[in-house]
Amino acid sequence: MAELATERMVVAAPPEQCFAVVSDIARYPEWAGDIKDVSVQSRDGEGRPAEVTFGSALSAGSSSNTLSYDYSLAPGLWPGADGRDLTSKFDGRYSFERADNGSTEVTYTLEVELRVPLPGFIKRRAQSRIMHTALEELKARVESSLTK
């Protein structure tokens with residue numbers, strides 16, 4: 001059964017800047033602590049990564065997942081799709097809502113279904129790490145890129 005989690009964070013940057021960082025997938029290893037390598041398997045008609053394999057560090061070793069990206073609703077909602085290693089489903093969605101003060105409320109929704117059963121506390125720990133990368137490390141990257 002898939003587990004669904006949603007978290008929000010305000011980033012001191014416009015939505016376009018947030019989306020630019022999120023969609024620059026090849027640079028994830030520079031700011032996303034658990035992502036060790038990225039390999040773009042295919043690109044869409046506009047040259048954007050369409051299918052990407054991520055090598056990730058885990059406390060029990062490493063993992064590799066291949067995700068498919070759909071830009072049809074970007075930058076409002078940007079879903080990924082099927083993971084192929086430990087997960088049978090890995091669907092992460094960002095949404096970017098402009099706030100009155102020029103910042104952005106970033107919402108990240110994650111739905112994961114694992115291929116193997118794990119105790120709840122292990123699943124929650126993994127989910128927490130993914131959400132941390134998706135929001136807190138994204139916030140740090142976006143806001144630091146504005147000062148350069």
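Here are some short exercises, each with a worked solution, on a predicted model of a protein chain.

**Exercise 1. Work out the overall layout of the chain: how many helices and strands does the secondary structure come to, and in what order do the elements run?**

Step 1. Count the elements: the chain has 3 helices and 7 strands.

Step 2. Read from the N terminus, and the order is β-α-α-β-β-β-β-β-β-α.

Step 3. Now look at burial and exposure. Of the 148 residues, 38% count as buried. The chain exposes about 8,100 Å², and carbon and sulfur atoms supply 50% of that area.

Step 4. Finish with the contacts whose separation is 6 or more: residues 24 or more positions apart account for 47% of them.

**Exercise 2. Find the largest nonpolar core and say which element gives the most to it.**

Step 1. Start with the members. This core has 29 residues, and those touching the most other members are Tyr-28, Phe-54, Tyr-94, Val-106, Tyr-108 and Leu-138.

Step 2. Map the core onto the elements. Two or more residues come from each of β1 (3–11), α1 (15–23), α2 (28–31), β3 (49–58), β6 (87–98), β7 (104–114) and α3 (120–146).

Step 3. Pick out the top contributor: α3, with 5 residues.

Step 4. Zoom in on Val-106. Beyond its neighbours within four places in sequence, its contacts include Met-9, Val-11, Cys-18, Tyr-94, Phe-96, Leu-135 and Leu-138.

Step 5. Put this in context: nonpolar side chains tend to be buried together in soluble globular proteins.

**Exercise 3. Compare Ser-103 and Thr-104: where is each found, and what does each side chain reach?**

Step 1. Place them. Ser-103 is in the loop between β6 and β7, while Thr-104 is in strand β7.

Step 2. Apply the cut-off for buried, which is under 20% relative accessible area. Ser-103 counts as buried because its value is 6%. Thr-104 is buried too, because its value is 0%.

Step 3. Check the polar partners. The side chain of Ser-103 makes a 2.4 Å polar contact with that of Asn-101. The side chain of Thr-104 reaches the backbone oxygen of Ala-13 at 2.6 Å.

Step 4. Look further along the sequence. Among the contacts of Ser-103 are Val-10, Val-11 and Ala-13; those of Thr-104 include Met-9, Pro-14, Cys-18 and Phe-96.

**Exercise 4. Trace the salt bridge of Arg-141 and Glu-30, and decide whether each partner is buried or partly exposed.**

Step 1. Get the total: the structure holds 6 salt bridges.

Step 2. Find the pair. The side chains of Arg-141 and Glu-30 meet at 2.7 Å, N to O. This pair links distant parts of the chain, with Arg-141 in helix α3 and Glu-30 in helix α2, 111 residues apart.

Step 3. Classify the partners. Arg-141 counts as buried because its relative accessibility is 18%, whereas Glu-30 is partly exposed at 48%.

Step 4. Turn to another pair, Lys-139 and Glu-143, whose side chains meet in a salt bridge of 3.0 Å, N to O. Both lie in helix α3, 4 residues apart, about one turn of the helix.

Step 5. Add the network: salt bridges that share partners join Arg-27, Glu-30 and Arg-141.

**Exercise 5. Identify the residues that form a nonpolar patch on the surface.**

Step 1. List the members: Val-116, Leu-118, Phe-121 and Ile-122, together giving about 330 Å² of accessible area.

Step 2. Inspect one of them. Ile-122 is found in helix α3 and is partly exposed, with a relative accessible area of 32%.

Conventions
Residues are numbered from 1 along each chain as its sequence is written. This is a predicted model: local features need pLDDT of at least 70, side-chain atom pairs count only at pLDDT 80 or more; totals for chains, interfaces and linings use all residues. Side-chain values use heavy atoms; hydrogens and water are left out. A nonpolar core is a set of buried Ala, Val, Leu, Ile, Met, Phe, Trp, Tyr and Cys residues joined through side-chain atoms within 4.5 Å. Buried means under 20% relative accessible area, exposed over 50%, partly exposed in between (1.4 Å probe, protein chains only). Contact means heavy atoms within 4.5 Å. A polar contact is a pair of N or O atoms within 3.5 Å; within protein, one must be able to donate a hydrogen and the other to accept it, and residues adjacent in sequence count only if both atoms are side-chain atoms. Patches are made of residues with over 30% relative accessible area and no salt bridge: like charges are joined within 9 Å, nonpolar side chains (Val, Leu, Ile, Met, Phe, Trp, Tyr) within 5 Å. Accessible areas come from the Shrake-Rupley method with a 1.4 Å probe; for residues, only the protein chains shown count as cover. A salt bridge is a side-chain nitrogen of Lys or Arg within 4 Å of a carboxyl oxygen of Asp or Glu.
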